[in-house]
Each structure stands twice: as C-alpha cells, then as structure tokens.
Amino acid sequence: MELKQLAPGVWYRPYEPERDRPMLCYIRGGRYALAVDAGYSRAQVQDFYRLLGAAGLPPPDFTAITHWHFDHTLGMAHIHGASVASQATNAHLRDWQARARQPGCAEDLRRTDRFFAAEYPAGPMPQIAQADILFRDRLTLALGGVTAELFRVVSPHTEDSACVYLPEKRLLFLGDSVCEDVYNGGILDRRRLAALVETIRGIDCDCCVLSHEPPLPKRQLLAELEAELD
C-alpha cells in the first residue's frame with residue numbers, strides 16, 4: 001500500500017479494511033512532524049515508517065491520538081517521538097493496562113474481535129502504552145509554518161474523541177468520531193452526532209479526514225451526516 005499526498009506537506013497511508021487498520025496521517029512542518037494516530041500494532045507502525053523513509057520523510061516527532069480504541073493505540077509503544085492524547089483517552093489506556101494483566105485477556109479479545117485476532121493471532125496481550133503529553137480539552141502544536149489544533153469533541157463513537165485541525169491546510173482529522181458506538185451494540189446517539197455536525201460546520205476547512213474512509217470534502221460529509229439525522 002502506497003503513501004498518498006493529501007496536500008502540500010500532508011500525506012496518509014490509507015485504511016486497510018482486511019485488518020481494520022485505520023488511516024495513519026503525517027504532517028510535515030518546518031520544525032516538527034506530526035502523525036495522527038498510532039495504529040494497531042508494531043507492524044503497522046513499521047510499515048508506515050518504511051513508506052515515510054522511502055518518500056524521504058523523517059519519522060514523526062509527535063503522534064496525536066484521536067481516541068483510545070486499540071486499532072488507534074496499540075502502536076503507541078513503538079512510535080518515534082512523543083505521543084499526545086487527551087486525559088480522557090489516557091484514562092482508558094491506564095484502565096486497559098490493568099485489565100491486560102489479567103489471565104486470558106488476549107484470548108478473550110480474539111474470541112470477540114476478529115480484527116484483533118487477525119492482527120494478533122497468537123501470543124500474550126500486546127503492550128499498552130500511556131501517552132507522553134496530555135491535554136484536558138485543547139492543545140496547540142506549532143510545527144513550523146503549520147499549526148495543529150487538538151481538541152475534544154462530543155461524539156457518538158466514544159466519550160474521549162478528539163480531532164486535529166490544520167487551519168493553514170484547511171484540513172480536519174476526525175478519527176472515528178462520526179461513527180456509531182461499536183462497544184455499545186452499534187448504537188448511534190443522534191443527539192451526540194447532531195452536536196458533532198454543528199462542530200464540523202463551524203470549522204473553516206475544505207476537507208475532512210476519517211480514519212476508515214477516503215478523505216471527503218466538508219460539504220459532502222455534512223450532507224451524509226445530515227441525511228443520517230433526518
């Protein structure tokens with residue numbers, strides 16, 4: 001799978017549906033580079049970094065985490081540089097560190113999650129890392145000519161969802177925030193989705209980037225989400 005360029009200084013590795021590996025994104029500033037999400041495993045991180053190296057790009061200095069789900073966080077122990085996450089996301093990771101020490105944790109996940117089983121077909125529970133840099137509601141990273149604004153949002157997917165906004169690039173990275181709650185029977189909380197739609201509408205961007213879909217124009221994403229609310 002190749003690295004795709006989304007905008008000047010912005011690249012991504014597309015979503016891999018076979019293992020539900022999310023899109024990993026990379027932003028190159030004049031001083032620092034930022035990745036969005038850490039992926040499912042050491043293997044996904046290494047694949048991503050190989051593509052970056054082949055394109056002449058250095059590994060990221062920071063990796064922003066959009067929410068705690070394992071397909072976005074089990075690569076955190078293997079990233080280059082520092083991970084950045086909300087306090088709410090880090091609390092989930094801390095709780096899972098304790099749960100992962102219980103016998104049979106990996107086996108239970110393999111029985112209930114076919115994508116986890118595909119990524120980790122055998123062996124003990126993979127290492128769960130906590131974030132290096134925490135923020136409560138909002139954090140701004142000055143990458144050098146590019147600003148990355150990280151902020152919590154109300155979302156139907158998880159209560160810890162966060163987005164990354166690049167105002168100079170007019171790009172908004174939404175993670176899985178527009179999706180249903182996969183850990184609660186696939187329920188889509190329409191009130192929380194409506195609140196997120198208003199947040200997206202108020203952000204001055206041209207393109208919205210979802211972790212398990214191709215990038216979409218903002219107007220197209222809003223039209224699709226509003227249709228779900230009708």
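**Entry 1. Contacts and overall form**

I began with contacts in the protein chain between residues at least 6 apart in sequence, and found that 57% of them join residues at least 24 apart. I note here that the model is a predicted one.

I then listed the secondary structure of the protein chain, which comes to 7 helices and 13 strands. The radius of gyration is 17 Å, close to the 17 Å that the globule rule gives for 230 residues, so I record the protein chain as being as compact as a globular protein of that length. Along the principal axes, the C-alpha trace spans about 50 × 45 × 35 Å.

For burial, I found that 53% of the 230 residues count as buried. I put the accessible surface of the protein chain at about 10500 Å², with 49% of this area belonging to carbon and sulfur atoms.

**Entry 2. The largest pocket**

I looked next for open space. The largest pocket holds about 720 Å³. I counted 30 residues in its lining, and those closest to the pocket centre are Asp 20, His 157, Asp 176, Val 182 and His 212.

Which helices each supply at least two residues of this lining? I found helix H2 (70–73), helix H4 (105–112), helix H5 (114–119) and helix H7 (218–229). H7 gives the most, with 4 residues. Sorted by class, the pocket lining has 16 nonpolar, 6 polar and 8 charged residues.

**Entry 3. Asp 20 and Glu 16, in one loop**

I returned to Asp 20, as it is among the residues closest to the centre of the largest pocket. Asp 20 sits in the loop between strand S2 (10–13) and strand S3 (24–28). Its phi is positive, about 60 degrees, although the residue is not a glycine.

Is Asp 20 buried or exposed? I read a relative accessibility of 19%, and buried means under 20%, so Asp 20 counts as buried.

Glu 16 is also placed in the loop between S2 and S3. At 12% relative accessibility, I enter Glu 16 as buried. Leaving aside residues up to four places away in sequence, I found that Glu 16 touches Met 1, Arg 21 and Gln 44.

**Entry 4. Enclosed cavities**

I turned from the open pocket to enclosed space. How many cavities of 30 Å³ or more are there? I counted 2.

The largest cavity has about 50 Å³ of space. I listed its lining as Met 23, Cys 25, Val 36, Asp 37, Thr 66, Phe 173, Leu 174, Gly 175, Val 209, Leu 210 and Ser 211. The elements that give two or more residues to this lining are strand S11 (171–175) and strand S12 (207–210). S11 gives the most, with 3 residues. By class, I divided the lining of the largest cavity into 7 nonpolar, 3 polar and 1 charged.

The second largest cavity has a volume of about 40 Å³. I found it lined by Leu 24, Ala 35, Asp 37, Ala 38, Val 45, Phe 48, Tyr 49, Thr 63 and Ile 79. H1 gives the most to this lining, with 3 residues. The class count here is 7 nonpolar, 1 polar and 1 charged.

**Entry 5. Asp 37, on both linings**

Asp 37 appears in the lining of the largest cavity and again in that of the second largest cavity, and I therefore examined this residue by its burial: at 3% relative accessibility, Asp 37 counts as buried.

I located Asp 37 in the loop between strand S4 (33–36) and helix H1 (42–54). H1 is also the element that gives the most to the lining of the second largest cavity. The phi of Asp 37 is near 75 degrees, which I mark as a positive value in a residue other than glycine.

**Entry 6. Gly 144**

I closed with Gly 144, which lies in the loop between strand S8 (138–142) and strand S9 (147–152). At 27% relative accessibility, I enter Gly 144 as partly exposed.

Which residues does Gly 144 touch, not counting residues up to four places away in sequence? I found Gly 29, Gly 30 and Arg 31.

I also took the distance from Gly 144 to Phe 116: the two are 28 residues apart in sequence and 37 Å apart in space, C-alpha to C-alpha.

Definitions and conventions
Residues are numbered from 1 along each chain as its sequence is written. This is a predicted model: local features need pLDDT of at least 70, side-chain atom pairs count only at pLDDT 80 or more; totals for chains, interfaces and linings use all residues. Side-chain values use heavy atoms; hydrogens and water are left out. On a 1 Å grid over the protein atoms alone, a cavity is a set of points where a 1.4 Å probe fits but cannot get out, and a pocket is an open set with protein on both sides within 12 Å along at least five of seven lines; lining residues have an atom within 4 Å of a point. Grid points are joined across faces, edges and corners, and a volume is the space filled by probe spheres set on the points. Ala, Val, Leu, Ile, Met, Phe, Trp, Tyr, Cys and Pro count as nonpolar, Asp, Glu, Lys and Arg as charged, and the others, Gly among them, as polar. The radius of gyration is taken over C-alpha atoms; the globule rule is 2.2 Å times the number of residues to the power 0.38. Buried means under 20% relative accessible area, exposed over 50%, partly exposed in between (1.4 Å probe, protein chains only). Contact means heavy atoms within 4.5 Å. Accessible areas come from the Shrake-Rupley method with a 1.4 Å probe; for residues, only the protein chains shown count as cover.
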